[in-house]
Amino acid sequence: MIKKLSLCALAVCSALSGVSAWAADSDYQLEQVLMMSRHNLRAPLADNGSVLAQATKKAWPKWDVPGGQLTTKGGVLEVYMGRYTREWLAQQGLVKDGECPSPDAIYAYANSLQRTVATAQFFITGAFPGCDVTVSHQDEMGSMDPIFNPVITSSTEDFNKQALSAMNAEGEKLALKPAFQRLEKIIDYKNSAACNGKKQCDLSSTNQNTFSADSGKEPGVSGPLKVGNSLVDAFTLQYYEGMPLDQVAWGQIKTPEQWKELSAIKNGYQDTLFTSPLVAREVAAPLVDYIRSMLIDQDKDSAPKVTLMVGHDSNIASLLTALDFKPYDLADQNERTPIGGMIQFQRWLDKKNNRELVKVEYVYQSTEQLRDAEPLSLDNPPKRVTLQMAGCQTDANGFCPWDQFTAVLNTALQGTSMQVAEPVAASADAADVTKEASDKAAADQAAAEKATQDKAATEAKDKAAAEQAAKDKAAQEKAVKEKVAAEKAAAEKATAEKAAAEQAAKEKAAAEKAAADKAAAEKAAADKDKASETKTAQPDSAGSADKTQAQPSAG
């Protein structure tokens with residue numbers, strides 16, 4: 001389990017070149033960035049034996065990884081995003097090219113699933129190639145980290161009723177009938193296994209969705225919205241993967257307008273489950289609290305300058321609603337929370353007025369940048385959209401005051417299990433107030449001393465763990481190299497022995513053929529000589545006989 005505020009000792013070096021370490025000449029200086037990212041391209045979550053197979057008789061294309069795992073192309077796309085981000089950070093003067101940031105300057109933290117951890121690793125590879133930068137995650141892989149797990153924690157009947165009411169209200173806003181009718185034609189739904197034996201089977205009828213808001217579980221829905229989300233998600237991932245267009249949805253999505261229409265199903269699924277304010281604040285509370293601890297509770301001089309967090313679309317959707325962000329549009333994208341996209345919380349210093357500011361941007365790859373796997377750089381950047389919070393007044397440059405941002409974070413936690421304690425109310429009795437203040441100061445001092453001790457112990461433990469990890473990695477790499485060398489030597493020896501055997505066999509065959517040819521030639525010569533001798537002897541015998549007959553008889 002990852003402890004709040006714990007940092008791994010990271011040895012970070014950069015091999016990137018060609019990007020100047022540019023310190024802004026303007027009145028604003030970037031001081032800190034926290035990036036909340038969605039994982040990159042994965043195989044469809046619903047595998048061929050479940051929702052996808054039941055919804056159509058058509059054959060689904062094969063993927064190079066199991067369902068839900070990051071694909072090879074997804075890794076490449078994330079390397080590109082990491083490389084670009086490093087260039088951008090260097091341009092803003094937050095990191096320097098050719099130098100390693102200090103061990104505590106970079107912190108990467110991912111949910112403990114393959115696609116999220118792998119995404120973070122590929123991002124780090126792109127940003128800091130060749131460097132041993134640790135990605136932190138809880139030990140138990142394959143299970144959801146509580147920070148990233150968008151589950152309902154309230155078990156009260158009142159909350160359950162309010163949550164269901166809110167989700168149904170969001171569902172009633174959806175106008176998806178034309179999109180579902182198009183989807184039914186694409187998959188030939190009436191002839192699917194899901195419709196077998198049913199007199200009427202369609203996805204476009206209203207009031208077929210049933211929502212759930214159970215304690216300890218993610219908000220859920222059964223019915224057409226769940227089926228449609230799985231199908232459109234699969235088609236979208238096929239397109240991003242770069243599959244031939246005649247394989248993407250079997251070639252039946254042909255125009256940008258059709259993509260936009262169908263994508264509304266997927267966006268509607270996310271909106272109904274995670275963007276009603278009541279549900280969003282509940283499920284995003286652990287994530288909001290963690291972000292608050294990284295940006296507000298820690299002193300900026302000792303906090304990581306760059307924090308990468310990798311989770312899911314549900315994390316981003318609920319986070320944006322919990323913090324009361326205003327509606328936004330992402331150009332050249334059909335997804336509301338795109339694959340590989342990230343929310344950047346940027347802390348800036350207004351040098352002229354000596355005040356702290358925040359700027360929040362959505363950084364993402366366009367649909368075509370994903371499909372074409374375009375390398376990203378300052379010359380070919382991903383898309384950037386400045387976001388605005390209702391409780392944080394934004395100026396023309398996209399900045400809002402840091403104290404207002406702090407208030408937004410605190411407000412988002414009120415009424416949740418992560419609620420921030422209210423300040424102690426003033427007492428009419430000055431003596432009591434003084435005693436309270438004195439007691440609080442003493443308690444704060446003791447807590448601070450304990451925190452310092454705990455931090456030192458944690459840092460020592462992390463350092464020892466990092467050193468051991470480095471030793472283990474070096475030993476593993478050495479073993480791999482030795483194994484590769486041994487296998488190469490064995491392969492070369494086998495090749496040489498095979499070549500020698502083939503050459504010996506060839507020479508033997510040649511010798512045997514030569515001997516056979518010689519024997520044949522000698523036999524042919526002997527036969528010829530014998531034939532010649534026989535031919536010569538035959539006339540002499542005949543002459544003798546004639547001569548004998550010509551002599552006079554003795555009588």
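**Close-up 1. Cys195 is buried, with a relative accessible area of just 4%.** Its disulfide partner is Cys201, and the two sulfur atoms sit 1.8 Å apart. Cys201 counts as buried too, at 17% relative accessibility. Turn to the S-S bond itself: the torsion there is about -65°, so this disulfide is left-handed. Keep in mind that this is a predicted model.

**Close-up 2. Here a disulfide joins Cys392 to Cys400.** Sulfur to sulfur, the gap is 1.9 Å. This link is right-handed, with 80° about the S-S bond. Cys392 is buried at 1% relative accessibility, and Cys400 is buried at 2%. A search of the whole structure turns up two disulfides.

**Close-up 3. Lys300 and Glu31 pair up in a salt bridge.** Their closest N and O atoms are 3.1 Å apart. The pair links distant parts of the chain, 269 residues apart: Lys300 belongs to the loop between α8 and β6, while Glu31 is in strand β1. Lys300 is partly exposed, at 26% relative accessible area, whereas Glu31 is buried, at 17%.

**Close-up 4. Glu361 and Arg384 meet through their side chains in a salt bridge.** The N to O distance is 2.6 Å. Glu361 lies in strand β8 and Arg384 in strand β9, so the pair ties together parts that are 23 residues apart in sequence. Glu361 is buried at 8%, but Arg384 is partly exposed at 25%.

**Close-up 5. A network of salt bridges links Arg38, Arg42, Asp233, Lys266, Asp313 and Glu335.** The structure holds 21 salt bridges.

Terms used:
Residues numbered from 1 in each chain as written. Predicted model: local features only at pLDDT ≥ 70, side-chain atom pairs only at ≥ 80, totals over all residues. Heavy atoms only, no water. Disulfide = S-S within 2.5 Å. Buried < 20%, exposed > 50% of the residue type's maximum accessible area, 1.4 Å probe, protein only. Salt bridge = Lys/Arg side-chain N within 4 Å of Asp/Glu carboxyl O. Helix = DSSP H or I, 4+ residues; strand = E, 2+ residues; numbered from the N terminus.
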